[in-house]
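Work through these exercises with the predicted model open beside you. Try each task before reading its solution.

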Amino acid sequence: MAKSDPSWSEVDDYIVQHLIGDDPVQDSCLAANARAGLPAIDVSPAQGRMLELLARGVQAQQILEIGTLGGYSTIWLARALPDDGRLISLELEPAYADVARSNIERAGLADKVEIIIGEAVGSLAALQAKGLSAFDFIFVDADKENYATYLDYAVQLSRPGAMLVFDNVVREGGVVNPDSDDPKVPGTRALYSALQNHPKVSATAIQTVGSKKWDGFLLAVVQA
């Protein structure tokens, strides 16, 4: 695995200081997550603001998130919504969902957010069965083994022009290694393969370094 450079985190701190500032709500969220023993795998503050701005950029009114954890990224995304906007977040672990609901309520966003508990593939199938198909923005940060399946559902559940964002798609460079011993690499590589020459989606990926080490995001737009 690649070594982390301390300067990456220093630059992240500089970005937060100058462009984001103090955020007591999100600080409280991370503290609650730590007290509850949740894994510290949330996006960074700079990445969270990036997600918020991307959602604002497409004027999202309906957002779908796959992977709630403690609600940190959920809060960033919900902040992008208009007063009548809606965010549905899917979470496997009931205990994580309970922590997330408390964090989202303290953030004053409970009226915009619904958390659905269960395996994401089943929850996505249920959303599709209900006829939901107009999400403007979909953020996927869950089990990498199912990333290609999540892509299929994301395309079906989104409107033309919607933005799809997948996290953790570089894996400290492991994504280029078909023999990687990282169990999350095969699912990540399957996502790239599914998007290669995809008839309905235009995509790219960008590497990132920072407090979350070396990784990246995959960005895609659903075509009309």
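**Exercise 1. A strand-to-strand pair**

Does Asp136 count as buried or exposed, and at what relative accessibility?

Solution.
- Step 1. The relative accessibility of Asp136 is 8%. The cut-off for buried is under 20%. Asp136 therefore counts as buried.
- Step 2. Look for a partner. The side chain of Asp136 meets that of Arg159 in a salt bridge, 2.5 Å from N to O.
- Step 3. Place the pair on the chain. Asp136 sits in strand E4 (residues 135-140) and Arg159 in strand E5 (residues 158-167), so the pair links distant parts of the chain, 23 residues apart.
- Step 4. Check the partner. Arg159 has 24% relative accessibility and counts as partly exposed.

**Exercise 2. Two more salt bridges**

Find how many salt bridges the whole structure holds, then analyse the pairs Arg79 with Asp23 and Arg56 with Glu52.

Solution.
- Step 1. Start with the principle. Side chains of opposite charge can pair when their charged atoms come close.
- Step 2. Count. A search of the whole structure gives eight salt bridges.
- Step 3. Take Arg79 and Asp23. Their side chains meet at 2.7 Å, N to O. Arg79 belongs to the loop between helix H4 (72-78) and E2, and Asp23 to the loop between helix H1 (6-20) and helix H2 (24-35). They are 56 residues apart, and the pair links distant parts of the chain.
- Step 4. Compare exposure. Arg79 is partly exposed at 24%. Asp23 is buried at 12%.
- Step 5. Take Arg56 and Glu52. Their closest N and O atoms are 3.0 Å apart. Both belong to helix H3 (residues 45-57); they are four residues apart, which means a separation of about one helical turn.
- Step 6. Check exposure again. Arg56 is partly exposed, with a relative accessible area of 42%. Glu52 is buried at 7%.
- Step 7. Widen the view. Arg49, Glu52 and Arg56 are linked in a network of salt bridges.

**Exercise 3. The buried side of H6**

Which residues of helix H6 are buried, and what do they pack against?

Solution.
- Step 1. H6 spans residues 120-129, and its buried residues are Ala120, Ser123, Leu124 and Leu127.
- Step 2. These residues cover an arc of only 100° around the axis, so they lie on the same side of H6.
- Step 3. Recall the helix geometry. An α-helix has 3.6 residues a turn, so residues three or four places apart point the same way.
- Step 4. Identify the cover. The buried residues of H6 pack against strands E1 (62-66), E2 (86-91) and E3 (113-117), and against helix H7 (147-157).
- Step 5. Look past the helix. Gly131 follows H6 and has a positive phi, near 90°.

**Exercise 4. H7 against H8**

Describe how H7 and helix H8 (residues 185-195) pack.

Solution.
- Step 1. Choose the descriptors. Two packed helices are described by the angle between their axes and the distance between the axes.
- Step 2. Apply them. The angle is about 40°, and the axes are 7 Å apart. H7 and H8 are therefore oblique to each other.
- Step 3. List the contacts. From H7 come Tyr147, Ala148 and Leu151; from H8 come Gly187, Ala190, Leu191, Ala194 and Leu195.
- Step 4. Sort by class. The contact has seven nonpolar residues, one polar residue and no charged residues.
- Step 5. Extend to the rest of H7. Its buried residues include Tyr147, Tyr150 and Leu151. Their cover includes E1, H6, E4, E5, H8 and strand E6 (201-208).

**Exercise 5. Positive phi in loops**

What is the phi of Gln59 and of Glu172, and where does each residue lie?

Solution.
- Step 1. Set the expectation. Most residues other than glycine have a negative phi.
- Step 2. Gln59 has a positive phi, near 50°. Gln59 lies in the loop between H3 and E1.
- Step 3. Glu172 also has a positive phi, near 50°. Glu172 lies in the loop between E5 and H8.
- Step 4. Contrast their exposure. Gln59 is exposed at 66% relative accessibility, whereas Glu172 is buried at 17%.

Conventions:
Residues are numbered from 1 along each chain as its sequence is written. This is a predicted model: local features need pLDDT of at least 70, side-chain atom pairs count only at pLDDT 80 or more; totals for chains, interfaces and linings use all residues. Side-chain values use heavy atoms; hydrogens and water are left out. Buried means under 20% relative accessible area, exposed over 50%, partly exposed in between (1.4 Å probe, protein chains only). Helices (H or I, at least four residues) and strands (E, at least two) are DSSP runs, numbered from the N terminus. The arc is that of the directions from the helix axis to the C-beta atoms. Contact means heavy atoms within 4.5 Å. A salt bridge is a side-chain nitrogen of Lys or Arg within 4 Å of a carboxyl oxygen of Asp or Glu. Axes are lines fitted to C-alpha atoms, for helices over the stretch in contact, and angles run from 0 to 180 degrees between N-to-C directions. Angles under 35 degrees count as roughly parallel, over 145 as roughly antiparallel, 65 to 115 as roughly perpendicular and the rest as oblique. Ala, Val, Leu, Ile, Met, Phe, Trp, Tyr, Cys and Pro count as nonpolar, Asp, Glu, Lys and Arg as charged, and the others, Gly among them, as polar.
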